[in-house]
Amino acid sequence: MLPTTLFFPNTRTTHALDPDVLDLVPSDPALTAYDEQYAITYLRMLDADAEGADWREVARIVLHIDPDREPERARQAFESHLARAKRMTSDGYRPLLRRGWPRADA
């Protein structure tokens with residue numbers, strides 16, 4: 001059975017694998033606590049992008065925002081999270097990996 005949470009050893013915190021998101025990701029160039037908590041979301045965004053998934057489907061399933069009811073919010077959150085996910089691929093995940101991420105709860 002897959003874990004429903006991840007444990008970040010250096011922070012001693014646990015994060016849900018499918019959390020609700022903010023409308024906009026942090027603009028800080030450094031890795032943030034939000035990035036740590038939403039790393040799985042970023043990976044899901046990258047997978048969906050690579051598969052050519054429709055942004056509305058991704059907003060609904062991954063970001064938990066209904067694009068039919070809140071189209072502007074859904075699109076903004078989608079674009080914000082996908083851009084952050086792509087930026088993280090250059091070097092943003094290195095700090096996470098150095099700390100042993102991900103480690104499933106025991």
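# Exercises on helix packing, burial and salt bridges

Tyr42, Met45, Leu46 and Asp49 of α2 meet Phe78, His81, Leu82, Arg84, Ala85, Lys86, Met88 and Thr89 of α4. The model used in these exercises is predicted.

**Exercise 1.** Describe how α2 and α4 pack, and sort the residues of their contact by type.

*Solution.*
1. Two packed helices are described by the angle between their axes and the distance between those axes.
2. Helix α2 covers residues 39-50 and helix α4 covers residues 71-92. Their axes are 9 Å apart and make an angle of about 95 degrees.
3. Angles of 65 to 115 degrees count as roughly perpendicular, so α2 is roughly perpendicular to α4.
4. The residues of the contact of α2 with α4 divide into 7 nonpolar, 2 polar and 3 charged.

**Exercise 2.** State which residues of α4 are buried, and what they pack against.

*Solution.*
1. The buried residues of α4 are Ala74, Ala77, Phe78, Ser80, His81, Leu82, Arg84, Ala85, Met88 and Gly92.
2. These buried residues pack against α1, α2, α3 and α5 (94-98).
3. An α-helix has 3.6 residues a turn, so residues three or four places apart point the same way.

**Exercise 3.** Find the residues that touch the most other members of the largest nonpolar core, and say where the core comes from.

*Solution.*
1. In soluble globular proteins, nonpolar side chains tend to be buried together.
2. The largest nonpolar core has 24 residues, and Tyr42, Met45, Leu63 and Phe78 touch the most other members.
3. Two or more residues of this core come from each of α2, α3 and α4. The largest share, 6 residues, comes from α4.
4. Take tyrosine 42 on its own. Leaving aside neighbours within four places in sequence, tyrosine 42 is in contact with Val25, Pro26, Tyr34, Asp35, His81, Arg84, Ala85, Met88 and Tyr93.

**Exercise 4.** Is alanine 59 buried or exposed? Locate this residue and list what it touches.

*Solution.*
1. Alanine 59 lies in helix α3, residues 55-61.
2. Buried means under 20% relative accessible area. Alanine 59 has 0%, so this residue is buried.
3. Not counting residues up to four places away in sequence, alanine 59 touches His64, Ile65 and Ala74.
4. From alanine 59 to histidine 81 the C-alpha to C-alpha distance is 9.9 Å, and the two are 22 residues apart in sequence.

**Exercise 5.** Examine the salt bridges of arginine 73 and of aspartate 35, giving the closest N and O distances and the burial of the partners.

*Solution.*
1. The whole structure holds 9 salt bridges.
2. Arginine 73 forms a salt bridge with aspartate 23, with the closest N and O atoms 2.6 Å apart. This pair links distant parts of the chain: arginine 73 is in helix α4, while aspartate 23 is in the loop between β2 (13-16) and α1 (33-37), 50 residues apart.
3. Arginine 73 also forms a salt bridge with glutamate 70, where the closest N and O atoms are 3.0 Å apart.
4. Relative accessible area is 27% for arginine 73, 29% for aspartate 23 and 30% for glutamate 70. Arginine 73 is therefore partly exposed, as are aspartate 23 and glutamate 70.
5. Aspartate 35 forms a salt bridge with arginine 84, the closest N and O atoms being 2.5 Å apart. That pair joins helix α1, which holds aspartate 35, to helix α4, which holds arginine 84, and the two are 49 residues apart.
6. Aspartate 35 and arginine 84 are both buried.

Methods. Residues are numbered from 1 along each chain as its sequence is written. This is a predicted model: local features need pLDDT of at least 70, side-chain atom pairs count only at pLDDT 80 or more; totals for chains, interfaces and linings use all residues. Side-chain values use heavy atoms; hydrogens and water are left out. Helices (H or I, at least four residues) and strands (E, at least two) are DSSP runs, numbered from the N terminus. Buried means under 20% relative accessible area, exposed over 50%, partly exposed in between (1.4 Å probe, protein chains only). Contact means heavy atoms within 4.5 Å. Axes are lines fitted to C-alpha atoms, for helices over the stretch in contact, and angles run from 0 to 180 degrees between N-to-C directions. Angles under 35 degrees count as roughly parallel, over 145 as roughly antiparallel, 65 to 115 as roughly perpendicular and the rest as oblique. Ala, Val, Leu, Ile, Met, Phe, Trp, Tyr, Cys and Pro count as nonpolar, Asp, Glu, Lys and Arg as charged, and the others, Gly among them, as polar. A salt bridge is a side-chain nitrogen of Lys or Arg within 4 Å of a carboxyl oxygen of Asp or Glu. A nonpolar core is a set of buried Ala, Val, Leu, Ile, Met, Phe, Trp, Tyr and Cys residues joined through side-chain atoms within 4.5 Å.
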